[in-house]
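Q: Hey, I've just opened this one and don't know my way around yet. Could you walk me through its pockets and salt bridges?

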Amino acid sequence: METHINGYTKVLGIIGNPVEHSFSPFIHNTLSSKLHLNYVYVPFRVSSEELQYAVRGFKAAGVAGFNVTIPHKKNVIRYLDNVSKEALLMGAVNTVKNMDGKLFGYNTDGEGFIKSLSEEGVSVKGKNVLILGAGGAARGIAIKIALEGADSIVVLNRTPEKACEISTIINDNIRHISKYDVLNKETLLHHGISCDILINTTPLGMYPDINQCPVEDMDFLHPGIVVCDLIYNPLKTVFLEKAEKKGCKIINGLGMLLFQAISSFQIWTGIRVTSDIYKNLQKNVFKEGFFNSL
Ligand code: NAP
């Protein structure tokens, strides 16, 4: 990948702790290069104690924008000048744009998920959606799914209080369409039978514990259900394997990873990333060998 850094180069980056294993530098530098834009994207490892100084420094230095990852997605909000309504509902910012010295926060995770479904010809509008897990990723996508017009959203989680939080945010701020429960065999069967889209947002099955699965018994599945896993390492989790055997359409987390990045890139540059560029980016991710060992 060629980069020609000169006096006009605009700086983008990611702050998190750790950030060394992030795919984002590769994704964004590839996009800049393919679109012939003069941007460079750099990883910054920032501790929680240094977060406010890093953000202030980015502002002072005129950094064009940056991504925010674990553990700063929530805490960064207090250092920004403005935050989108969607990101406030999600309680997390993953994208910050510097507009004339003012920092604006967004969250593109939910949009990335919706676009990854759309790329596979799947829409959440009018659908009954069942979400397993109630962490940060679940909250982001659940809120976006509600905003996109799903008919119902059920959140099942090991700790039901966290699922309750997500349902309450949706019911109080968007529409009264969400229920929650503890995640177990009975609740899964009860809600699974009537769902159109089932999504695993727990890390169960993620490398290196690739034999784990959030649910034992998936007999309730039928070919009409679309089954998604936010995990992208491995690309086909045991959860997705089981669903595929039942004839379900399956969608892994790679599309979400790429599309949330594309949405951030569009916010910073104002340039639309076409479907061709997306496909090229996907090809490059594989060519680069990120997923060879999966
Ligand atoms: P998180 O905030 O830590 O939430 C994890 C959720 O999984 C919690 O609800 C937790 O339940 C549940 N969980 C964890 N271990 C469990 C177990 N042994 N049994 C049952 N439930 C368990 O994590 P996150 O940030 O939401 O990320 C979740 C997953 O999504 C990760 O695999 C991450 O890689 C993936 N992700 C993918 C993308 C993408 O672009 N594709 C983006 C973001 C995240 P409790 O509430 O009971 O603890």
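Q: What classes of residue make up the lining of the second largest pocket?
A: Keep in mind that this is a predicted model. The lining of that second largest pocket has six polar, four nonpolar and two charged residues.

Q: Which residues are they, and what volume does the second largest pocket have?
A: Its volume is about 240 Å³. Among the lining residues are G133, A134 and G135, then N157, R158 and T159, and also T201, T202, P203 and L204.

Q: And which are the two charged ones?
A: R158 and K162 are both in the lining, and Lys and Arg count as charged.

Q: OK, now the largest pocket. What's its volume?
A: About 1,700 Å³. The lining of the largest pocket takes in 46 residues, and T69, I70, K73, A137 and Y232 lie nearest the centre.

Q: Which helices and strands give two or more residues to that lining?
A: Strand β3 (65-68) does, along with helices α5 (136-147), α6 (160-173) and α9 (254-269).

Q: How does the lining of the largest pocket split by class?
A: You get 21 nonpolar residues, 18 polar ones and seven charged ones.

Q: Switching topic: how many salt bridges are there in the whole structure?
A: A search turns up nine. One of them pairs R45 with E20, at 2.9 Å from N to O.

Q: What does the R45 and E20 pair tie together?
A: R45 sits in strand β2 (residues 39-45), while E20 is in the loop between β1 (10-16) and α1 (24-34), so the contact links parts 25 residues apart in sequence.

Q: Is R45 buried or exposed?
A: R45 is exposed, with a relative accessible area of 52%. E20 counts as partly exposed at 48%, because the exposed label needs over 50%.

Q: What about K59, which acid does its side chain meet?
A: D81, in a salt bridge of 3.1 Å, N to O. K59 is in helix α2 (residues 51-61) and D81 in the loop between β3 and β4 (82-83), so this pair joins parts 22 residues apart in sequence.

Q: And where do E86 and K144 lie?
A: E86 is in helix α3 (residues 85-90) and K144 is in helix α5, so their salt bridge ties together parts 58 residues apart in sequence. K144 counts as buried at 8% relative accessibility, whereas E86 is partly exposed at 23%.

Q: Which residues are in the network with E86 and K144?
A: E148 joins them: salt bridges with shared partners connect E86, K144 and E148 into one network.

Definitions and conventions: Residues are numbered from 1 along each chain as its sequence is written. This is a predicted model: local features need pLDDT of at least 70, side-chain atom pairs count only at pLDDT 80 or more; totals for chains, interfaces and linings use all residues. Side-chain values use heavy atoms; hydrogens and water are left out. On a 1 Å grid over the protein atoms alone, a cavity is a set of points where a 1.4 Å probe fits but cannot get out, and a pocket is an open set with protein on both sides within 12 Å along at least five of seven lines; lining residues have an atom within 4 Å of a point. Grid points are joined across faces, edges and corners, and a volume is the space filled by probe spheres set on the points. Helices (H or I, at least four residues) and strands (E, at least two) are DSSP runs, numbered from the N terminus. A salt bridge is a side-chain nitrogen of Lys or Arg within 4 Å of a carboxyl oxygen of Asp or Glu. Buried means under 20% relative accessible area, exposed over 50%, partly exposed in between (1.4 Å probe, protein chains only).
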